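Work through the exercises below with the sequence and the model side by side. Try each task before reading its solution.

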Amino acid sequence: MKITENKNGQQLNVSLEGRLDTTSAPELEKALSGSLDGVAELVIDMSALDYLSSAGLRVLLGAQKRMNKQGGMKVTHVNETIMEIFEVTGFADILTIE
């Protein structure tokens with residue numbers, strides 16, 4: 001998976017490309033834990049994300065919990081397959097999806 005970060009003031013944009021699964025979830029978790037200090041808005045762009053596993057959902061939930069304390073988080077450009085995963089798991093009710 002490819003993770004691209006772009007920080008603009010207190011906003012952090014993270015673009016995900018490929019598969020967010022058991023192998024790549026720790027990589028995203030590590031990247032976010034080091035980048036969220038001082039961030040008030042986290043935007044995760046999933047336009048190039050092909051697959052999302054439960055390990056990826058766990059990382060997203062952790063990021064959402066942290067951002068609830070220091071600002072907000074939104075997920076953008078979610079494809080049909082990933083949206084179905086969010087709906088089935090109840091994440092569609094937890095996350096702000098645009």
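The exercises go from the overall fold to the sheet, then to the helices and to single residues.

This is a predicted model, in which local features need pLDDT of at least 70 and side-chain atom pairs count only at pLDDT 80 or more, while totals for chains, interfaces and linings use all residues. Residues are numbered from 1 along each chain as its sequence is written, and side-chain values use heavy atoms, with hydrogens and water left out.

**Exercise 1. The overall fold**

Find how many helices and strands the protein has, and in what order the elements run.

Solution. Begin with the count, for which helices (H or I, at least four residues) and strands (E, at least two) are DSSP runs, numbered from the N terminus. There are 4 helices and 4 strands in the protein, and from the N terminus on they follow the pattern β-β-α-β-α-β-α-α. Next, consider the dimensions: the C-alpha atoms fill a box of roughly 30 × 25 × 20 Å along the principal axes. The radius of gyration is taken over C-alpha atoms, and the globule rule is 2.2 Å times the number of residues to the power 0.38. For 98 residues a compact globule would have a value near 13 Å, and the 12 Å of the protein agrees with this. Finally, turn to the contacts (heavy atoms within 4.5 Å): among those between residues at least 6 apart in sequence, 68% join residues at least 24 apart.

**Exercise 2. The sheet**

Determine in what order the strands lie in the sheet, and which strands form its edges.

Solution. Two strands pair if DSSP finds at least two bridges between them. On that basis the 4 strands form an open sheet in the order E1-E2-E3-E4, with mixed pairing. The edge strands are E1 (2-8) and E4 (72-76), each of which pairs on one side only. Neighbouring strands are turned by 15° against each other on average, direction ignored; here axes are lines fitted to C-alpha atoms, for helices over the stretch in contact, and angles run from 0 to 180 degrees between N-to-C directions.

Now take the pairs in turn. E1 and E2 are antiparallel and share 7 bridges, and 2 residues lie between these strands in their hairpin, where Gly-9 takes a positive phi near 65°. E2 (residues 11-20) and E3 (residues 41-52) run parallel and are joined by 9 bridges. Glu-17 of E2 is the bridge partner of Lys-2, and Glu-17 also stands opposite Ala-48 in E3. Val-14, in turn, stands opposite Ile-44 in E3.

**Exercise 3. Helices on the sheet**

Establish which strands helix H2 touches, and about what angle its direction makes with that of E3.

Solution. Helix H2 (residues 54-70) packs on the sheet and touches E2, E3 and E4, its direction making about 170° with that of E3. Helix H3 (residues 80-89) also packs on the sheet, touching E3 and E4, and its direction makes about 110° with that of E3.

Then look at the ends of H3. At the N-terminal end Asn-79 acts as a cap, with a side-chain oxygen 3.1 Å from the backbone nitrogen of Thr-81. Just after H3, Gly-90 has a positive phi of about 90°. His-77, in the loop between E4 and H3, has a phi near 55°, a positive value in a residue other than glycine. For comparison, most residues other than glycine have a negative phi.

**Exercise 4. Three residues compared**

Decide for Ser-24, Glu-27 and Val-88 whether each is buried, partly exposed or exposed.

Solution. Buried means under 20% relative accessible area, exposed over 50%, and partly exposed in between (1.4 Å probe, protein chains only). Ser-24, in the loop between E2 and helix H1 (25-35), is buried because its relative accessible area is 4%. Its side chain reaches the backbone nitrogen of Asp-21 at 3.0 Å, and, leaving aside neighbours within four places in sequence, Ser-24 is in contact with Met-1 and Arg-19.

Glu-27 belongs to helix H1 and is partly exposed, since its relative accessible area is 41%. Not counting residues up to four places away in sequence, Glu-27 touches Met-1 and Ile-3.

Val-88 lies in helix H3 and is exposed, because its relative accessible area is 69%. Between Val-88 and Ile-44 there are 20 Å in space, C-alpha to C-alpha, and the two are 44 residues apart in sequence.

How values were computed:
Polar contact = N/O pair within 3.5 Å; in protein donor to acceptor, adjacent residues only side chain to side chain.
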